[in-house]
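I opened this structure to see how its strands, rings and helices are arranged. My notes follow in the order I looked things up.

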Amino acid sequence: SSSRGATRSRVVDDQGQNCAGDAMDRDAATDESTTVDSTPPPKRARHAEGADNDATTDLCNLLPDLPLAHLDELEVIRRLEDIARVLRDRPFGLRPLQCRWSWKRHLHSRTLPTVVAATTSATPSCLRAAADLVDQVICSGYAFTAFDRCKLVAMGAWKPAIAVLNDGSSASARKAAAVRTYIYLAEHVSFYDDFSGHHSDFWDREAFTVVLRHMQFMLEDVPETIEADEWELICPEFEAALKTIGCFMIFWINEKTGSNFDFDVSLVMPLMNGILERASKFDERLGLQISTKVRGDLLEEMVRISGVLTQYVLNKFEDMGNRRLRGRAEEEAKKQAALLLNFLVKVLMLEIPTCVQKADASAAPAGGAMPVDERQLDSEWIEGLLEHCQGAGDDDVVKPSTLVVLFKKLASMPLEEQKYRLECASPLVPPFVGAFSEQLKQNTVPAELVDLKAVMNAVLQDDSAVTSDLLEEISFYPCLLDFATKRATIHAVCERHKLQSSSSDPIRLVVPRDNVLDGVCSSLNLQDQAARIEVPVEIEFRSGYADDVGNELVDEGEDQGGLRRQWLDRASRYFISSDLFMSPSEDAAHLENAPGLATNRRARGMIFVPSPESVCRCVQDDWEEQFELFGCILGFAILYKETIPVHFGHNFLRSVFGLKTDTHDLLPLLEIVDKTLHTKLKYILDGSYSTLGDTLQDALEQSNLPRVFAINESHCPELVKSTMLKEKGDEIAVTEENKEEFVFCLLDRLLISGVARQVECFRRGLLRVVPDHIVQRIAELMSVKEIELLVCGSEEIDVDDWEKHTQYENGFSHDSQVVGWFWDVVRAMSQQMRAALLSFATGSSQVPSGGFRFLQPELFTIQRVAVTDRYPEAHTCANTIDLPIYTSREELEERLHFAIREAGDAFGRR
């Protein structure tokens with residue numbers, strides 16, 4: 001045990017040097033009678049029984065079994081000191097076997113009871129000598145077992161030590177020895193081991209308060225130049241002192257009179273803070289050089305006493321609430337809570353490990369070296385204290401500078417430590433962050449919050465559930481969260497939703513590859529306006545081929561994510577290829593038939609927005625249902641952590657996710673959607689045309705913009721009539737006085753009102769799949785750019801990042817020759833061809849937001865196939881390519897290109 005370890009250290013120390021008692025200041029009369037004979041006893045191979053008896057007789061002669069009243073004070077002191085000298089010169093471990101047991105039994109059964117009985121009303125000098133003798137009994141190893149300590153406690157051997165502490169004339173070294181005697185004996189009556197409560201006199205409140213006041217001597221004995229071996233022996237002494245305090249608290253809390261127990265926590269805080277300060281200082285320098293168990297046991301005892309004191313203080317508040325006590329008692333309790341709260345925060349700064357990282361758990365050494373949960377604070381302690389100590393003073397309960405230091409230390413700790421400690425400290429974060437609210441609202445992270453941001457993002461990216469309450473509090477300041485953290489948070493929320501709704505059978509969509517939306521609306525029951533899609537969706541493709549009797553074949557394979565990923569990709573491409581959507585830079589009416597426009601509606605990098613409502617009505621009767629279906633597809637992509645190959649205009653995404661768009665936001669939004677039109681409208685607004693001698697009407701005509709408050713929303717005016725930007729707009733000319741109104745009416749029509757119905761239908765489909773609270777969470781956490789990255793991913797394919805996050809199986813490694821050829825071929829591909837390869841292997845042509853390390857459900861894998869005459873094959877559910885062992889780079893390139901072109905997005909081999 002810890003205190004035994006402390007005593008063992010003292011035994012070792014005392015065998016090599018004079019006992020603490022000999023270093024004490026003594027009066028002149030006593031000094032003359034305590035000359036120490038340092039001559040070592042003669043060495044004997046065997047100790048005869050007669051010699052053993054003689055030694056015992058010598059001890060008995062020093063203190064006969066008679067009352068000591070007939071002896072004068074100096075004689076009593078001389079005899080007690082002679083016994084202490086004999087014990088020091090002949091410690092238990094160095095005595096022959098039979099002799100040591102005889103001496104020990106005589107000490108415990110006759111000598112010590114006589115001394116204790118005789119000193120109940122003795123003079124201070126006699127009490128000091130008796131206390132020195134008890135201390136020497138312990139230091140020399142004659143009270144090593146629990147049975148020995150039991151006898152010493154029962155006979156009251158600790159009382160002379162209390163008398164020494166009450167004696168103002170006692171030297172500091174003697175008082176320190178008295179404190180150690182009490183702490184050592186406290187181990188026997190520890191409430192951690194014995195709940196009998198037979199020794200209530202030992203835990204006398206007044207006596208313990210005296211001991212507590214003098215425990216500071218333990219801190220003075222620790223030199224600044226301490227080395228690792230010394231620190232390893234001092235840690236158990238600190239642990240034993242803390243354990244004694246805990247036992248005292250538990251004893252009185254568990255007593256029948258415990259309800260009347262009133263203890264001032266501030267009495268123990270100087271000692272606890274002193275131990276914590278030294279632990280922090282020396283562990284940083286020496287922690288890795290000492291036993292893991294000793295290092296952790298000290299922290300474990302700090303945590304245990306913290307728990308006892310925290311529960312006591314919280315119970316005190318509860319009791320005051322029940323009795324409706326207020327005033328000074330409540331203020332004192334608040335101060336105690338504040339002291340304890342600051343101590344808990346400092347405990348979180350200690351770099352002593354409290355948990356093993358997952359990767360090291362199996363390799364953790366035995367023998368208690370693996371840290372245990374008892375070394376961790378309860379996550380509710382800080383929250384409970386903080387709730388009650390508000391108003392303990394004018395200043396912050398925990399100084400911001402203290403929290404800055406805490407998070408600075410956390411930033412350098414392993415992830416598992418960060419998780420536990422951030423969870424404990426999370427109640428302190430909102431008020432700490434709130435002090436910098438003005439800067440955060442300007443999307444500026446002050447230097448004081450940099451380490452907190454790093455820790456929060458590391459923890460939340462690994463497991464957002466750990467600090468979910470904290471996330472709710474800081475979501476008002478999105479600049480504190482990295483995009484990867486926000487994405488991990490949304491994905492975690494979606495996973496929880498899927499787990500709650502995955503009990504029913506999935507919806508199975510069987511669709512042809514050349515018409516991936518065939519029958520999907522009826523399968524999803526979109527005709528029912530109130531229906532929600534709360535079950536998994538699985539995809540089965542019809543291949544388009546028939547067997548010998550004319551039955552259409554179904555693609556091989558079971559949908560474990562890859563087929564659904566392909567379907568989402570193809571369905572999205574269908575929509576942006578239809579007339580329901582347009583890319584303004586290609587299709588906008590104001591460009592009319594300007595030459596040089598791109599004609600590939602699937603061109604990478606285009607921004608797509610819904611076509612105007614008037615156009616949608618002309619091109620498709622069920623256009624509303626189609627927009628709703630596309631909303632469902634976006635919902636599936638979010639829910640299943642997939643991306644779709646469509647980059648929506650930010651105005652459209654803002655409206656779909658319920659983000660407010662102010663008038664002054666419209667012109668910047670247009671720049672993202674249509675840079676050409678944005679440039680023209682800026683030209684009109686700033687009047688630059690006047691420097692060229694042009695009028696406003698000339699500028700509008702040259703820019704292919706309407707000269708009245710009416711626009712054509714289609715290339716085919718015969719299909720769609722002009723749309724008024726305001727009542728009778730076709731009769732209102734654009735002038736210098738109203739051109740600003742014209743620009744913003746035009747922007748509103750293009751970006752807001754002209755697509756309002758499309759947005760409504762699209763959002764309804766999204767909410768059929770993704771619950772409203774998740775959509776709201778996305779809107780709270782993410783900017784519109786981040787939402788686009790979440791749902792659309794990235795089109796730029798970084799081959800280095802792809803290669804870095806690839807794993808190899810079945811005999812392949814990064815250094816395999818065929819693997820090297822594969823990456824050479826990929827680097828030689830165009831971006832479009834790389835996208836086709838990515839689609840062939842994973843089912844999607846988009847790179848996940850954040851790069852290839854976030855590929856779902858696992859990393860890209862190249863698997864060796866021990867043949868040379870086959871084409872590469874793909875398993876999109878596992879993001880895997882089967883690559884034969886080709887004999888040349890040229891052969892690999894030819895067969896890979898052929899597989900991509902000919903197999904396309906089909907599943908399996910043809």
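Entry 1, a small sheet. I began with a residue and its partner, keeping in mind that the model is predicted. I found Ile 607 opposite His 647, which belongs to strand 6. I then looked up how the two strands run: strand 5, residues 607-610, pairs with strand 6 in the parallel sense, over two bridges.

Next I turned to the other side of strand 5. Strand 4 is joined to strand 5 by two bridges, and these strands run antiparallel. Here I noted Phe 581, whose bridge partner in strand 5 is Pro 610. Put together, the three strands make an open sheet in the order 4-5-6, and the pairing is mixed. I asked myself which strands stand at the edges. They are strand 4 (581-582) and strand 6 (647-648); each has a single partner strand, so one side of each lacks a neighbour in the sheet.

Entry 2, a second sheet. I looked up another open sheet, this one of four strands in the order 9-10-12-11, again with mixed pairing. Its edge strands are strand 9 (806-809) and strand 11 (873-875), and each of them pairs on one side only. From one strand to the next I read an average twist of 25°. I checked one pairing more fully: strand 9 and strand 10 run parallel and are joined by four bridges. Within that pairing, Thr 806 stands opposite Phe 860 of strand 10.

Entry 3, aromatic rings. How many aromatic pairs does a search of the whole structure find? I got 43. I picked out Phe 432 and Phe 436, with ring centres 5.8 Å apart and planes at 90°; the angle is over 60 degrees, so the pair counts as edge-to-face. Phe 432 and Phe 436 are both buried.

I then took Trp 802 and Phe 852, a stacked pair with 4.9 Å from centre to centre and 5° between the planes. I looked up where each one lies. Trp 802 is in helix 37 (residues 799-804), while Phe 852 is in the loop between helix 39 (831-842) and strand 10 (860-865), so the pair ties together parts 50 residues apart in sequence. Are Trp 802 and Phe 852 buried or exposed? I have both down as buried.

I also listed one aromatic cluster, with Trp 158, Tyr 182, Phe 202, Trp 203, Phe 208, Phe 248, Phe 251, Trp 252, Phe 261, Phe 263 and Tyr 312 in it.

Entry 4, charges over rings. One member of that cluster, Trp 252, came up again: Arg 205 lies over the face of Trp 252, at 4.3 Å from the ring centre. For Arg 149, I found the charged end over the ring of Tyr 184, 5.3 Å from the centre of that ring.

Entry 5, two helices. Last, I looked at how helix 28 (residues 623-639) packs with helix 34 (residues 756-769). The angle is about 45°, and the axes are 6 Å apart. An angle of that kind is neither under 35 degrees nor within 65 to 115, and helix 28 and helix 34 are therefore oblique to each other. I noted the crossing of helix 28 and helix 34 as right-handed.

Note on methods:
Residues are numbered from 1 along each chain as its sequence is written. This is a predicted model: local features need pLDDT of at least 70, side-chain atom pairs count only at pLDDT 80 or more; totals for chains, interfaces and linings use all residues. Side-chain values use heavy atoms; hydrogens and water are left out. Two strands pair if DSSP finds at least two bridges between them. Rings of Phe, Tyr and Trp (its six-membered ring) pair if their centres lie within 6.5 Å; planes under 30 degrees apart count as stacked, over 60 as edge-to-face and the rest as tilted. Buried means under 20% relative accessible area, exposed over 50%, partly exposed in between (1.4 Å probe, protein chains only). A charge sits over a ring if NZ of Lys or CZ of Arg is within 6 Å of the ring centre and within 35 degrees of the ring normal. Axes are lines fitted to C-alpha atoms, for helices over the stretch in contact, and angles run from 0 to 180 degrees between N-to-C directions. Angles under 35 degrees count as roughly parallel, over 145 as roughly antiparallel, 65 to 115 as roughly perpendicular and the rest as oblique. A crossing is left-handed if the near helix is turned anticlockwise from the far one by less than a right angle, and right-handed if clockwise.
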